[in-house]
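I set out to record the empty spaces in this model and the residues around them. The entries below follow the order in which I looked things up.

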Amino acid sequence: MPDTLVTAAILVIGDEILSGRTKDKNIGAIADRLTETGIDLREVRIVPDEQAEIVAAVNALRARYTYLFTTGGIGPTHDDITADSVAAAFGVGIDVDERARAMLLERIKPEDLNEARLRMARIPFGADLIANPISKAPGFRIGNVFVMAGVPQIMNAMLDEIVPTLTSNAPVISRTLEAANTPEGTFAGALALIAKAHASVSIGSYPSMTPQGFLNRIVVRGRDAAAVEAAATAVEAMLAGLTR
């Protein structure tokens, strides 16, 4: 386990996400993988296809967190400006990368590798490539920033390449306790006292509507098994007291 907490942010890039035309599926997938790996996801931002917005977000997030994962904007069309924007954020040049060109040629005939498709081979100077076994157009890593495709299937394939290279914390341990149909207002005060007494863990209350009706779950999360168990035991006792 590293001496300092390993953290991450996600930057989703694309007008189509902000307009609602495309429903993002990548945030949850990345969050799941990071949680499994033991990396704390701390922030998610969505920005339009505007270079100034992308540059500002990349520079803010890469400075604040251990890793930054971006999705979207690395295709062949005019509005795919993520690679250029990341290069600008790092203050480096960008051009067609011969390694990336070779990857594209594994799937595209040389005579079909037109100017638009070559845009997908433009990589900031000094970046490492992220393999894409599906469509071959690579993502890239520069510094602590991982630039991935927006298409979920391709993004997940790139994530498979990335995750084994990451430094991580100890995995998070989670206990879920059923509060049945007990309203949050009934136990909110008692739960706050438990959270204060067990400050080394995270305790959250999550109500939902299911086909069977209202359901409430309390989740205790942390990296120390004994601390998680102690907090969970306190929550269980509190819930048991409510039913007496």
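**Entry 1: the largest cavity.** I began with the lining of the largest cavity, which is made up of Gly-73, Ile-74, Gly-75, Asp-80, Ala-83, Asp-84, Arg-119, Met-120, Arg-122, Pro-138 and Phe-140. I note at the outset that the model is a predicted one. The volume of the largest cavity comes to about 100 Å³. I searched for cavities of 30 Å³ or more and obtained a count of one. Sorted by class, the lining of this cavity holds four charged, two polar and five nonpolar residues.

**Entry 2: helix H4.** Ala-83, listed above in the cavity lining, led me to helix H4, which covers residues 82–90. I asked which residues of H4 are buried. They are Thr-82, Ala-83, Ser-85, Val-86, Ala-87 and Ala-89. After H4 comes Gly-91, and I recorded a positive phi near 70° for this glycine.

**Entry 3: the largest pocket.** I then turned to the open spaces. For the largest pocket I noted a volume of about 530 Å³. Its lining comprises 31 residues, and those closest to the pocket centre are Gly-72, Gly-73, Ala-149, Gly-150 and Val-151. Gly-73 also belongs to the lining of the largest cavity. I asked which elements each supply at least two residues of the pocket lining. They are strand S1 (7–13), helix H1 (15–19) and helix H7 (152–162). H7 gives the most, with three residues. By class I found eight charged, 11 polar and 12 nonpolar residues in this lining.

**Entry 4: the second largest pocket.** The second largest pocket has a volume of about 200 Å³. I counted 13 lining residues, with Asp-40, Leu-41, Val-172, Arg-221 and Arg-223 nearest the centre. At least two lining residues come from each of helix H2 (26–37), strand S2 and strand S11 (213–222). S2 has the largest share, three residues. The classes here are four charged, four polar and five nonpolar residues.

**Entry 5: a surface patch and strand S2.** S2 spans residues 40–47 and contains Ile-46. I found Ile-46 in a nonpolar surface patch together with Leu-18 and Val-44, the three having about 230 Å² of accessible area together. I asked whether Ile-46 should be entered as exposed or partly exposed. I entered Ile-46 as partly exposed because its relative accessible area is 36%, and that class lies between under 20% for buried and over 50% for exposed.

How values were computed: Residues are numbered from 1 along each chain as its sequence is written. This is a predicted model: local features need pLDDT of at least 70, side-chain atom pairs count only at pLDDT 80 or more; totals for chains, interfaces and linings use all residues. Side-chain values use heavy atoms; hydrogens and water are left out. Patches are made of residues with over 30% relative accessible area and no salt bridge: like charges are joined within 9 Å, nonpolar side chains (Val, Leu, Ile, Met, Phe, Trp, Tyr) within 5 Å. Accessible areas come from the Shrake-Rupley method with a 1.4 Å probe; for residues, only the protein chains shown count as cover. A salt bridge is a side-chain nitrogen of Lys or Arg within 4 Å of a carboxyl oxygen of Asp or Glu. Helices (H or I, at least four residues) and strands (E, at least two) are DSSP runs, numbered from the N terminus. Buried means under 20% relative accessible area, exposed over 50%, partly exposed in between (1.4 Å probe, protein chains only). On a 1 Å grid over the protein atoms alone, a cavity is a set of points where a 1.4 Å probe fits but cannot get out, and a pocket is an open set with protein on both sides within 12 Å along at least five of seven lines; lining residues have an atom within 4 Å of a point. Grid points are joined across faces, edges and corners, and a volume is the space filled by probe spheres set on the points. Ala, Val, Leu, Ile, Met, Phe, Trp, Tyr, Cys and Pro count as nonpolar, Asp, Glu, Lys and Arg as charged, and the others, Gly among them, as polar.
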